[in-house]
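Q: Pick one part of this structure and take me through it up close. I'd like one connected story, not a list.

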Amino acid sequence: MGRVRVGLIGSGFIGDIHAAAFKMVPDAEVVAVASPTPGKAKAFARARGIPKAFEDYRDLLALKQVDMVTLGVPNYLHAEVAVAPAVRFYVAGTFNAEENSVRDQLAKLLAALGG
Ligand SMILES: NC(=O)c1ccc[n+]([C@@H]2O[C@H](COP(=O)([O-])OP(=O)(O)OC[C@H]3O[C@@H](n4cnc5c(N)ncnc54)[C@H](O)[C@@H]3O)[C@@H](O)[C@H]2O)c1
């Protein structure tokens, strides 16, 4: 397997620590960062040598070359940002599991999150 390609969602205090930590991991590479404040993700990316920057985290999640993401956003956004990729994979049909099984899992996940 090649290097794990990481997307950072959030470019604040902990996002900066995540970026620095991944620099120390030879098998990981930060390929994108997302932050909604205009210009902030771009400046963050430029300063740390990250190739792509987005204002909308959903644009980062749409990248095929992202293997994992880290959440560096306020707690109230964790559920939304974590559920979005699951829904995206489901809609894109990339799960190998039976469709009903995936739908059941998503329903349980959404119920657990209070949605
Ligand atoms: N501060 C700490 O010591 C610390 C330690 C461990 C974990 N954490 C956790 O990290 C998370 C972030 O904390 P922080 O201290 O980095 O906060 P911060 O305020 O420094 O950064 C938050 C980031 O989230 C971004 N953001 C806000 N809305 C967004 C959205 N819709 N999409 C994408 N990005 C968005 C902001 O632009 C900012 O870059 C929290 O869950 C916190 O509990 C913080």
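### A close look at strand β2

A: Let's start with a single pairing: V6 has V30 in β2 as its bridge partner. One caveat before going on: this is a predicted model, in which local features need pLDDT of at least 70, side-chain atom pairs count only at pLDDT 80 or more, and totals for chains, interfaces and linings use all residues. Numbering starts from 1 along each chain as its sequence is written. Helices (H or I, at least four residues) and strands (E, at least two) are DSSP runs, numbered from the N terminus.

So what sits around β2? Strand β1 (residues 4-9) runs parallel to β2, with six bridges joining them; two strands pair if DSSP finds at least two bridges between them. Another of these partnerships is R5 with E29 of β2. The other neighbor is strand β3 (residues 52-54), also parallel, joined to β2 by three bridges. There, V33 finds its bridge partner in A53 of β3.

The links between these strands are helical. The chain goes from β2 through helix α2 (residues 40-48) to β3, a right-handed β-α-β crossover. Right-handed here means that, with the strands pointing away from the viewer, the path from the first strand over the helix to the second runs clockwise. β1, α1 and β2 make a right-handed β-α-β unit too.

How enclosed is β2? Five of the seven residues of β2 (residues 28-34) are buried, so the strand is largely enclosed by the rest of the structure. Buried means 20 or more other C-beta atoms within 10 Å of a residue's own, exposed means 12 or fewer, and partly exposed is in between, with C-beta atoms placed from the backbone. For the chain of 115 residues, 23% count as buried.

Back at β1, there is a second parallel partner: strand β4 (residues 68-71), held by four bridges. L8, for one, has T70 in β4 as its bridge partner.

Now follow the chain into helix α1, where F13 and I14 both lie. F13 is exposed, with 9 other C-beta atoms within 10 Å, while I14 is partly exposed, with 15. F13 and V73 are 60 residues apart in sequence, yet their C-alpha atoms are 9.6 Å apart. For I14 and L71, 57 residues apart along the chain, the C-alpha separation is 8.7 Å.

Both of these α1 residues also turn up at the ligand: 17 residues surround it, the closest being G10, G12, F13, I14 and V73. A residue counts as near if its C-beta atom, placed from the backbone, lies within 6 Å. Helix α1 (residues 13-23) supplies the largest share of that shell, three residues. By class, the shell has nine nonpolar, eight polar and no charged residues, where Ala, Val, Leu, Ile, Met, Phe, Trp, Tyr, Cys and Pro are nonpolar, Asp, Glu, Lys and Arg are charged, and the others, Gly among them, are polar. Domain 1 (1-72) and domain 2 (74-115) both contribute to the shell, so the ligand lies between them; the bounds come from an automatic or database domain assignment.

Zooming out, the chain has five helices and four strands, in the order β-α-β-α-β-α-β-α-α from the N terminus.
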